Amino acid sequence: MKAMAQRTWKAGERLELVELPTPEPRKGEVRVGVQAIGVNPVDWKMRSYGPLRLAARLLGPKPPVVVGVDFAGVVDAVGPGVVGFSPGDRVVGGTDFSRGQRGSYADTVVVREDQLWPVPDSVDIAVAAALPVSGVTARMAVVDLGRIRRERPGDRRVLVLGASGAVGQLALQIAKLEGAFVAGVCSAKNADLVVGLGADAVLDYGRGDALVQARAHAPFHLVIDCVGSYSGAGCRALLSSRGRHIMVAGDDPAAVAQMLVAPSRSRGILGRPTGRRLEPLVAAVADRSLQVAIARTLPLTAAEEAHRLSRSGRMTGKLILLP
Ligand SMILES: NC(=O)c1ccc[n+]([C@@H]2O[C@H](COP(=O)([O-])OP(=O)(O)OC[C@H]3O[C@@H](n4cnc5c(N)ncnc54)[C@H](OP(=O)(O)O)[C@@H]3O)[C@@H](O)[C@H]2O)c1
């Protein structure tokens, strides 16, 4: 199999195309021929810093280091005991370093059955590949930790910081689907995009402190920070008495420390994709209630270029790599 990998864990080393032995799926495992890979900021962050780099170094396979989590493709082999998938099935999923698996920047991945969900024929495989980390994180932030659910009575006011980014766009739409009033923070150039996704109010961070502007719409039941540079205390000051502040972003040492010692109203999140977590996202894309923006599609061999674009912090949709 082919993969884009670093030969070692050394920070700054380039990704290069490597040939690796094609793994056979063991008990409970499924081998997938990858057709599209979603790029996430964690893919480039873990090459040089961050808590997931440490976890992957401790728990992941030995180098070469294949980064990446998101993938979609077609099952090409199943191990003993697999009951839910057969060769030929279209699937989406996320690799998991903590299970000793290589990343998804490859033409082949092997994962356990519970890491996959079927993709209906009506859903484009590149759109499916855009969902795992961004979609699961957005849904966990809004529905699971944020407790914004249509059937739940009470306050449903949500503030999304970074509403034009991959996670922010999905969080905004999921909150709208759950019946919330949503204010989105973005720059002026992305205001139309954020309105188009259903935001009830748009706050331009270029016009002054967005958290001060947000006071006009407070109190919020949920403030989701998808940027990482907003003050935790400032976010909590906007909350209703039972409100929550969810920290999606933030991986410099100060932000990690804030996550570890955060008051109970603030929660860090790890959007680890599983089949069950992907199920409602795939369904929402299939019934067209959730839109996924793809900013650019590049060949897998252009992974360095994709990381350069993602690092810019200016994307308004997903970058997709094609093996
Ligand atoms: N905890 C987890 O499990 C988890 C999962 C996924 C992602 N993350 C983290 O969450 C962050 C976002 O990920 P992503 O994939 O959504 O990134 P992304 O798509 O690259 O986000 C880029 C967007 O952020 C906006 N932005 C930048 N600075 C901003 C500011 N000060 N205020 C408002 N918007 C701003 C940019 O808009 P402008 O160009 O207009 O500024 C751009 O549209 C990353 O740090 C990522 O590592 C964490």
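**Ligand contacts and shell in a predicted model**

Colleague: What makes the pair formed by Tyr205 and the ligand a polar contact?

Modeller: An N or O atom in the side chain of Tyr205 is 2.4 Å from an oxygen atom of the ligand. A polar contact is a pair of N or O atoms within 3.5 Å, so this pair qualifies; within protein, one atom must also be able to donate a hydrogen and the other to accept it, and residues adjacent in sequence count only if both atoms are side-chain atoms. The protein covers 88% of the 940 Å² of accessible area that the ligand has on its own (Shrake-Rupley method, 1.4 Å probe; for residues, only the protein chains shown count as cover).

Colleague: On what basis are such values given?

Modeller: This is a predicted model, in which local features need pLDDT of at least 70 and side-chain atom pairs pLDDT 80 or more, while totals for chains, interfaces and linings use all residues. Residues are numbered from 1 along each chain as its sequence is written, and side-chain values use heavy atoms, without hydrogens and water.

Colleague: Which other residues have atoms placed beside a ligand oxygen?

Modeller: A polar side-chain atom of Ser187 lies 2.4 Å from one, and a backbone N or O atom of Val167 lies 2.9 Å from one.

Colleague: Why is the ligand said to lie between domain 1 and domain 2?

Modeller: Domain 1 (2-130 + 292-322) and domain 2 (134-268) both give residues to its shell, so the ligand lies between them; the bounds come from an automatic or database domain assignment.
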